[in-house]
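Subject: Structure for your review

Dear colleague,

Please find the structure below, handed over for your study. I would be grateful if you kept it open while reading the notes that come after it.

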Amino acid sequence: MQPRKIPVRRCCGCGEGRPKKELVRVVRSPEGEVSLDLTGRKAGRGAYLCPDAACLAKAKKKKSLERALGQGIPPEVYEAMEAGLAKG
């Protein structure tokens, strides 16, 4: 029996490829709302981040999350994401 393939995704902050389960998904819903998707099941365009504040800061500085999601992200949303990463 062949071993199961583990999906790998790339972090928008540091650019490191990691297993999908180790990363946090950031999703842009069809209505245009950007939020953290801790379950990985929300509908919409997704991008992945390592679960630490340093990678979020790098992604914010490089604007890689904005490019991946295809829209600008207001500063309040970044603050909410920082709080969400710190919480859980």
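The notes below move from the whole chain to a few chosen residues.

Please bear in mind throughout that this is a predicted model.

Overall architecture

The chain contains five strands and three helices. Read from the N terminus, the order of these elements is β-β-β-β-β-α-α-α. Along the principal axes, the C-alpha atoms occupy a box of roughly 50 × 30 × 25 Å. The radius of gyration is 13 Å, which agrees with the value near 12 Å that a compact globule of 88 residues would have.

Of the 88 residues in the chain, 34% are buried. Among contacts with a separation of 6 or more, 42% join residues that lie 24 or more positions apart.

Surface and charge

About 6,000 Å² of the chain is exposed, and carbon and sulfur atoms supply 52% of that area. The chain carries 19 positive and 10 negative charges, and the mean positions of the two groups are 9 Å apart.

The hairpin of strands 3 and 4

Strand 3 covers residues 24-28 and strand 4 covers residues 34-37; the two pair in the antiparallel sense over four bridges. One position to look for is Val27, whose bridge partner in strand 4 is Ser35. As you follow these strands, recall that in a regular strand the side chains alternate between the two faces of the sheet.

Strand 3 and strand 4 form a hairpin, with five residues between them. In the turn, Gly32 has a positive phi of about 100°. Glu31 also belongs to the loop between these two strands. Is Glu31 buried or exposed? Its relative accessibility is 70%, and because a residue over 50% is classed as exposed, Glu31 counts as exposed. The C-alpha atom of Glu31 is separated by 9.0 Å from that of Gly44, a residue 13 positions away along the chain.

A buried residue in helix 2

Ser64 offers a contrasting case. This residue is found in helix 2, which covers residues 64-69. Ser64 has a relative accessibility of 10%; the limit for a buried residue is under 20%, so Ser64 counts as buried. Which residues are in contact with Ser64, leaving aside its neighbours within four places in sequence? They are Cys12, Gly13 and Ala59.

I suggest locating Glu31 in its loop and then Ser64 in helix 2 as you look through the model.

With kind regards

Note on methods: Residues numbered from 1 in each chain as written. Predicted model: local features only at pLDDT ≥ 70, side-chain atom pairs only at ≥ 80, totals over all residues. Heavy atoms only, no water. Rg over C-alpha atoms; globule rule 2.2 N^0.38 Å. Buried < 20%, exposed > 50% of the residue type's maximum accessible area, 1.4 Å probe, protein only. Contact = heavy atoms within 4.5 Å. Areas by Shrake-Rupley, 256 points an atom, 1.4 Å probe, with all protein chains shown as cover. Lys, Arg positive; Asp, Glu negative; His and termini not counted. Charge placed at Lys NZ, Arg CZ, Asp CG, Glu CD. Pairing = 2+ DSSP bridges.
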